[in-house]
Amino acid sequence: MITEKDIKARCAEVLTGAGFNAVASEVKEGFAKPAVFVSVTPASATLQSCGGATEQVTDNVEIKYISAAETEEDCIETAQIIKKLFLHRPFDIDGRHITIQTMEFDIENNVLYVYFDIEFIQKIETDEEFEEMNDLTLGGNV
């Protein structure tokens, strides 16, 4: 079962592997620039069958890049790098291949914001136990 924590950790690993300084979202001061912050929030969950055995999950991912150069040019170049890391090729989370369909960018005060959704279907873990069915009798006028 993939959680938002798993997604956040894996996105930070991908960014760190590409040479970025991934900082915990809780840190507000005292970090080295350039730095990236990853935030993952649940967006939706939809049951896929009447028995509720699987669900389709959508999580919103936000990557915030704070430039050391504090220039729009640096933010634009970094947007291209992040696009190659997440949009142009799949990456794995908990043994599952994840592909991104759409990515959005915004630059405010020389800070780059990257947004995308991660969508996947997964089995629902349940504590509910059911009796095993032994015989099924169908009736009809045949």
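## The turn at N109

N109 lies in the loop between β6 and β7 of this predicted model, and its phi is positive, about 50 degrees, although N109 is not a glycine. Most residues other than glycine have a negative phi, and most peptide bonds are trans. The two strands around this loop form a hairpin with 2 residues between them, and N109 belongs to that turn.

On either side of the turn, β6 and β7 run antiparallel and are joined by 6 bridges. Within this pairing E108 stands opposite V111 in β7.

## A cis peptide bond before P34

A second backbone feature concerns the peptide bond from K33 to P34, which is cis, with omega near 0 degrees. P34 is found in the loop between β1 and β2, and the two strands linked by that loop pair in the parallel sense over 2 bridges. In this parallel pairing, V23 stands opposite F37 in β2.

## The sheet

Both of the loops described above connect strands of one open sheet, in which 5 strands follow the order β1-β2-β3-β7-β6 with mixed pairing. The edges are taken by β1 (22-23) and β6 (103-108), each of which pairs on one side only. Strands of a sheet pair through backbone hydrogen bonds, either parallel or antiparallel.

Strand β2, residues 35-47, and strand β3, residues 54-66, pair in the antiparallel sense over 12 bridges. Two residue pairs place this register on the sequence: A45 stands opposite V57 in β3, while the bridge partner of V38 in β3 is I63.

## Helices on the sheet

Helix α1, residues 4-17, packs on the sheet and touches β1, β2, β3 and β7, with a direction that makes about 145 degrees with that of β2. Helix α2, residues 72-86, also packs on the sheet, where its contacts are with β3, β6 and β7 and its direction makes about 160 degrees with that of β6.

Among the side chains of helix α1, those of E13 and R10 meet in a salt bridge, with an N to O distance of 3.2 Å. Because E13 and R10 are 3 residues apart in helix α1, about one helical turn separates them. With the cut-off of 4 Å between a side-chain nitrogen of Lys or Arg and a carboxyl oxygen of Asp or Glu, the count of salt bridges comes to 2.

## The largest pocket

The largest pocket has a volume of about 160 Å³. Its lining is made up of R96, H97, I98, T99, I100, Q101, T102, D117, E119 and F120, and these lining residues divide into 3 nonpolar, 4 polar and 3 charged.

Which strands each supply at least two residues of this lining? They are β5 (96-98) and β7 (111-123). Of these, β7 also takes part in the hairpin with β6, and β7 is one of the strands touched by helix α1 and by helix α2. In the strand order of the open sheet, β7 stands between β3 and β6.

Definitions and conventions
Residues are numbered from 1 along each chain as its sequence is written. This is a predicted model: local features need pLDDT of at least 70, side-chain atom pairs count only at pLDDT 80 or more; totals for chains, interfaces and linings use all residues. Side-chain values use heavy atoms; hydrogens and water are left out. On a 1 Å grid over the protein atoms alone, a cavity is a set of points where a 1.4 Å probe fits but cannot get out, and a pocket is an open set with protein on both sides within 12 Å along at least five of seven lines; lining residues have an atom within 4 Å of a point. Grid points are joined across faces, edges and corners, and a volume is the space filled by probe spheres set on the points. Helices (H or I, at least four residues) and strands (E, at least two) are DSSP runs, numbered from the N terminus. Ala, Val, Leu, Ile, Met, Phe, Trp, Tyr, Cys and Pro count as nonpolar, Asp, Glu, Lys and Arg as charged, and the others, Gly among them, as polar. Two strands pair if DSSP finds at least two bridges between them. Contact means heavy atoms within 4.5 Å. Axes are lines fitted to C-alpha atoms, for helices over the stretch in contact, and angles run from 0 to 180 degrees between N-to-C directions.
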